[in-house]
Amino acid sequence: MLGGSISGGRTNVRVVVVGDRATGKSSLITAAATETFPEEVPPVLPPTRLPADLYPDNVPVTIIDTSSSLESRGKVAEELKRADAVVLTYACDQPATLNRLTTFWLYEFRRLEIRAPVIVVGCKLDKRDEDHHMNLEQVMSPIMQQFREIETCIECSAANLVQVPEVFYYAQKAVLHPTAPLFDHETQALKPRCVRALKRIFILCDHDMDDALNDEELNEFQIKCFNAPLQPAEIVGVKRVVQEKLPQGVSDLGLTITGFLFLHALFIEKGRLETTWTVLRKFGYNDEIKLKDDFLTIPFKKAPDQSLELTSEAVEFLKGVFSTFDTDKDGVLRNSELDDLFSTAPESPWGETPYKDAVERTPLGGLSLSAFLSEWALMTLLEPAQSLANLIYIGYNCGAASALRLTRKRLVDIKKQLTDRNVYQGFVFGPKGSGKSALLKSLLGRPFSENYAATTDEHYAVNVVDRLGGTKKTLVLREIPEDEVKMLLSNKESLASCDVAVFVYDSSDEYSLKRASELLMTVARRGEVTGVMVPCLFVAAKDDLDSYPMAIKDSAKICQSFGIDAPIHISVKERDLNSVFNRIITAAERPHLSVPETEVGRSQKQYRHLVNRSLMFTSVVAAVAVVGLAAYRSYAARKNTSS
């Protein structure tokens, strides 16, 4: 694989030069810019620009000189924090300045949390005493082991113009083609995310899907990445290099994935990072080795009360993927099969919250098809761009328009008195200990547990619910901790993504009912103020416990006062769920019903109604007056004419 490189979209590289006094910073910069050695230089140079055509990547370099004085420390720190790369100098004829790298400068960079790559440069090479010749690699190797932020080391002479341009070439290269995302120096191996990206690229280029790149496929790959074909002798040479070092890297069919990865590790070890970066960027990856944002553009402008869902085409693709990776055909994707499925993504997307515990897994951690599709539905609802990215990572080749569909605005659904959604999100409110978490767990089919732990963070549960008539809908329940309600509602659009609000209370606890009704009042009032009103349901949990004497009457009175359905009584412990999830979906499907009204809301509604009637009456009277005046004028005109 031969060819040039691309820069990842950068238009400038900012390099800050620091080091002890008299280590040759300003002379180095001047020599790089003018290709001459200055006899005299000012204490600190102004920003210096190296032209774009000086280096192969055609990206200009701006060099920032710095002062070594104590009073300039604050300004130096500011410049370091803005740096894309840092050139750290020492003087070859002053061993003490070399020691200062590890006793001050490199620790200072860490204190300031500088993340830019560091190029260590020994200046004044021409002044080094020949009797004290230093092996640079031997001296710097332990330092580079300790300070991984050092990208490379080089010695130069501004006076003799020796290796001066190389200093800023390496600095530019460290920014445009960084080592850290690709290679682990400690293990001397490609990093996992780099391997995953290269594996995906290999699969995309393996058109005949025989697990090897034949000569034609290698040539197509070369043309795509480097705009130039490989000559037959070059293809033979590439395969020979791999086969000599790694026999399994080449098969009778061509270059294997093992050989493909080996080649890139070899490029990096030889300092040709631009080759691997060119390949990655040609296939749409950014510096974090994730697909760039412009590959993930979603062609929909989503209103707050709209959601994105997977299309039937995308769902069918996922069913096919599930079947392909379910190698033992047991209807479950085991962890190893899931790892294999996502081996071409930067990482498995469901290892952390909110996805980690959102679906039911088998005792060994596997996913059924229903759970697998539920995870995708949740990710599409919460992070549609992430969902689209992962679809692409695992082989979906169509665009966003074929993968995602935009649901109608809820205001339209209310007018039409039905929805077109397949995925519904319910917010679950309730006081502590009311049974919110138990409700979410029961959606996943998990058994009841006596162990109680208060929920402190939001969490989700999602599952497919079978509807009457054989249809299936996906229900997402989002548990809202009692202490987080106020913060949630402080955002005026917080209820826009909610299809139905569920208020859970402990039917054996009078205070729990009272608190649930207060939460209902808060949510209902917030909806009336913002105009984002959602259907609401009351759920009487723990129905297996003895309720207090007035419980049924009090709860019915509360529901009646708000104009919503009577409470749904359930007992998770006894697995008597009273079709609660179907009823939640039914409420969400009819957004014009079960919408609570407060007394304040009713009064305001009546007032608006009276005002509208008054305006209508005034308009009618005015219209009658105008018509009467017109009739009178017409009569008067006729009378005058007859006279």
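Which residue in S4 stands opposite Val-16? It's Val-86, and the views below work outward from there. The model is predicted, with local features needing pLDDT of at least 70 and side-chain atom pairs counted only at pLDDT 80 or more, while totals for chains, interfaces and linings use all residues. Residues are numbered from 1 along each chain as its sequence is written, and side-chain values use heavy atoms, leaving out hydrogens and water.

**View 1. Strand S1 and its two partners.** S1 (residues 13–19) runs parallel to S4 (residues 85–91), with five bridges joining them. Strands here are DSSP E runs of at least two residues, helices are H or I runs of at least four, and both are numbered from the N terminus. Two strands pair if DSSP finds at least two bridges between them. S1 also pairs with S3, again in the parallel sense, over four bridges. Val-15 has a partner in each: Ile-63 stands opposite in S3, and Ala-85 is the bridge partner in S4.

**View 2. S1 from face to face.** In a regular strand the side chains alternate between the two faces of the sheet. For S1, both faces are covered: Val-13, Val-15, Val-17 and Gly-19 are buried on one side, and Arg-14, Val-16 and Val-18 on the other. That makes seven of seven residues buried, where buried means under 20% relative accessible area, exposed over 50% and partly exposed in between (1.4 Å probe, protein chains only).

**View 3. The whole sheet, with two helices.** The sheet is open and mixed, with six strands in the order S2-S3-S1-S4-S5-S6. S2 (48–50) and S6 (150–155) sit at the edges with a single partner strand each, so one side of each has no neighbour in the sheet. From one strand to the next, the twist averages 25°. Helix H2 (residues 73–81) packs on the sheet, touching S1, S3 (61–64) and S4, and its direction makes about 145° with that of S1. Helix H3 (residues 95–111) lies across S1, S4, S5 (118–123) and S6, at about 150° to S4. Axes are lines fitted to C-alpha atoms (for helices, over the stretch in contact), and angles run from 0 to 180 degrees between N-to-C directions. Contact means heavy atoms within 4.5 Å.

**View 4. Helix H17 under cover.** Six of the eight residues of H17 (residues 436–443) are buried: Lys-436, Ser-437, Leu-439, Leu-440, Ser-442 and Leu-443. Their cover includes strands S15 (423–429), S16 (459–466), S17 (472–479) and S18 (500–506), plus helix H21 (580–589). Just after H17, Gly-445 takes a positive phi of about 80°.

**View 5. Ser-507 in its loop.** Ser-507 is in the loop between S18 and helix H19 (510–530), and counts as buried because its relative accessibility is 4%. A polar atom of the Ser-507 side chain lies 2.7 Å from the backbone oxygen of Ala-541. The side chain of Ser-507 also reaches the backbone oxygen of Lys-542, at 3.3 Å. A polar contact is a pair of N or O atoms within 3.5 Å; within protein, one must be able to donate a hydrogen and the other to accept it, and residues adjacent in sequence count only if both atoms are side-chain atoms.
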